[in-house]
Amino acid sequence: MEFGLSESQEFLKDSAREFFAGECPSAEMRRLMETDTAYDAALWSKITEQGYTGVIFPEAYGGVGLGKFELMLLMEEAGRALLPGPFFSTVVLAGSVLEAVGSPAHQNKYLAPICRGEVRATVAFVEAGASWNPRDVQLSATNGKLTGEKFFVTDAAIADFLVVVARNGVFVVDSKARGLKISPMSAMDLTRKLYVVEFKNTPVEKIGSGTDLPRALDIATAALAAELVGGMQRTLEATVEYAKTRKQFGKPIGMFQAVQHQCADMYLETESSRSAVYYAGWALEENSPDAATAVSIAKMYASDAARTVGNRGIQVHGGMGFTWENDLHLYYRRAKASETAFGDATFHRERIARLVVDEGVVSAKHA
Amino acid sequence: MDLKLSLEELQFRDELRAWLGANLPRDWGEWREKPIEESFSYLRAWQRKLHEGRWAAVSWPKEYGGRSATLTQQAIFWEEMAQVEAPPMANTLGLGLIGPTIIAHGTEAQKKRFIPKILSAEEIWCQGFSEPNAGSDLASLQTEARLDGDHYVVNGQKVWTSFGWVGDWCELVVRTDPNAPKHKGLTVLLIDMRSPGVEVRPLRQMTGESEFNEMFFHDVRVPAENVLGAVNDGWNVAVSTLMYERGSFGARLHPLFKRNISRLIELSRKFHKNGHAAAQDPLSRQKLAQCYAEIEIMRLNQLRAFSRITATGAPGPEGSIQKIFWSELNQRLQQIAQEMFGAYGQLLGGDSHAVDKGIWSYGYLRTRGNTIEAGTSEVQRSIIGHFVLGLPKSY
């Protein structure tokens, strides 16, 4: 048993960190967040050249065929850079759903262009009730047409097509389809835009049933938690650096235990989130019987920890932490968006309770 | 990253299972409720049996009677022991902390003299570290040892000594150079607790029992050959003991925590909250799930730490995360239990209405000590701040 990265996993993580730091430094991230879609075509083609757009998908569709654990490492580094734009929506979310529910023909048609970096996509799931429970989905297609609204859809304005989850299946909608209206929501996180999507007799193509949806959503949920870990790591490092250099009363403030212990707690919360996320990635890859529990544990813990780590980081930075020019609030905003996406901590605790209190699915231990 | 057990790990587990199947005593249930003073000889006999099967100290090198078990194998060991509800071993500190320290720092003669009897539970060990005026600031300790010919003469007082009442030997940290900076004048001595001038008194704790002792040393003569490590290098020797304490303890505790949360989930079907079983009460469900998740994360943190230790060769200051995590989690677990039991939570073991014969009311009080013993949470956070994050030393 080995709970650490192999050489090739280390390499993937290091090169992703280098890539995002080089191609999307803070200044570029800030430039993109001020645009309408936070999307940049040049950055997208570089991401494609890295193979990231096909990272977990089969080579048959132009993917790289890496595992879910590797996806966690990549997302951790994307989160560290606060990567703006539709990478998560397109690759992790839409890609995973297409792979899980679509036929080979659908995958050639929709997944392969994602892998090749030719299209952007997203998934429309949540409705006005803002629930991530699949049972609360109300929209239903009739005669190949959809009418109704989806809320909190990420990156919809830049998507070439949308994958829509309805009561009677999973559908693909072309972004130019008639009766489709996409309106921006004004939300805290500026790096990942949210939209309301309205359908009015919009023609849709059914690609599968919702039966295999939970696993795809679990992959996206774990990946989002991994992204939170990267953001926490960056916040921790910036805060420790600040505590070492900022002086008050003639001493670095990191010398005061009230400050130092905040940093220690940030470290504990970040590392514990990372342990949970890595295990979730491994459990998904291995189809471990406790994979769903592991994903909920990771999302629950990371959702709360990212907010707490952000709070502590801003507090330690004092007035500087409250300024627009410091990046901390941008991570804090992302943490809020990701906290609620795919179910917040309360949602996942209830899911854990259903699995371990009601059904007694305990951890795999040494599987 | 591969969390499946390897062939060797599976073999280790199966060999242990087979051994336990043949050798696990069946009458532990009759003994476990008794005070440890009464059951101690039972625990000694159980450890002797484990030692005969070479299971008493699996982590120790083969040449010293262990199995050179990897950290994963050690985790398997504690999990299997917990699963069959095996009795604990008598020589907890000797096996877990002091033996490894002697193996790391001792002379060949010391290893030959002490190691076999630690394994067989013939000699029980205790640990003389804390003093009334040296708790978190251990290096300021004042118990002194002066060289007199080929003996050291020890004077002073130690406190919070586990197993002091039954200890045959003690790993004692003393000051040998009062003029050196506080970390540089310490030495570790191995002391025969039957030496003239050693006095042990029980220390009654808030649970009502006396798990710990106070020890007094009046002109106790200790042969100079019983110095462990180098003279005035006692800080490094003591710190390595503390690292063993913080590094691997979590692996031993995890199976017990897991059992506690499973029991609590069971009890949540019986106790009522807000008009229905706690298992159906939304708030209780949230709390149980949070606790279950944190116990799982404690396991995962431990496995990750093990992989790091395997890569670097020794437990490091990251062990402090584990210490904070398990001690504070154990308090939260007990709090959730108390909230579930309501008025019944306060009933002690002797009361016929007590939940699970009082283990929860005891646990509620006992876990107050968790964030203090083996280094307070505050000290652990300072260790992380300075030694892990590189912040300036705050003390």
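This briefing covers how chain A and chain B meet in the structure above. The model is predicted, and its scores are ipTM 0.96 and pTM 0.95. The contact between the chains draws 43 residues from chain A and 41 residues from chain B.

**Confidence**

- For chain B the mean pLDDT is 94, and 98% of the residues of this chain reach 70 or more.
- Where pLDDT is low, the predicted coordinates should not be read in detail.

**The side of chain B that touches chain A**

- At least two residues of this side come from each of helix 4 (71–83), helix 8, helix 9 (319–341) and helix 11 (377–388) of chain B.
- Helix 8 of chain B gives the most to this side, supplying 16 residues.
- Sorted by class, the side of chain B that touches chain A holds 23 nonpolar, 10 polar and 8 charged residues.

**Helix 9 of chain A against helix 8 of chain B**

- Helix 9 of chain A (residues 291–317) and helix 8 of chain B (residues 282–312) have axes that come within 10 Å and cross at roughly 95°.
- Because angles of 65 to 115 degrees count as roughly perpendicular, helix 9 of chain A and helix 8 of chain B are therefore roughly perpendicular to each other.
- On the chain A helix the residues in this contact are A:Ile297, A:Met300 and A:Tyr301, and they meet B:Ala293, B:Glu296 and B:Ile297 in helix 8 of chain B.
- By class, this contact of helix 9 of chain A with helix 8 of chain B comprises 5 nonpolar residues, 1 charged residue and no polar residues.

Technical notes:
Residues numbered from 1 in each chain as written. Chains lettered and ligands numbered in written order. Predicted model: local features only at pLDDT ≥ 70, side-chain atom pairs only at ≥ 80, totals over all residues. Axes fitted to C-alpha atoms, helices over the stretch in contact; angles between N-to-C directions. Helix = DSSP H or I, 4+ residues; strand = E, 2+ residues; numbered from the N terminus. Parallel < 35°, antiparallel > 145°, perpendicular 65-115°, else oblique. Contact = placed C-beta atoms within 7 Å. Nonpolar A, V, L, I, M, F, W, Y, C, P; charged D, E, K, R; others polar. pLDDT = per-residue confidence, 0-100.
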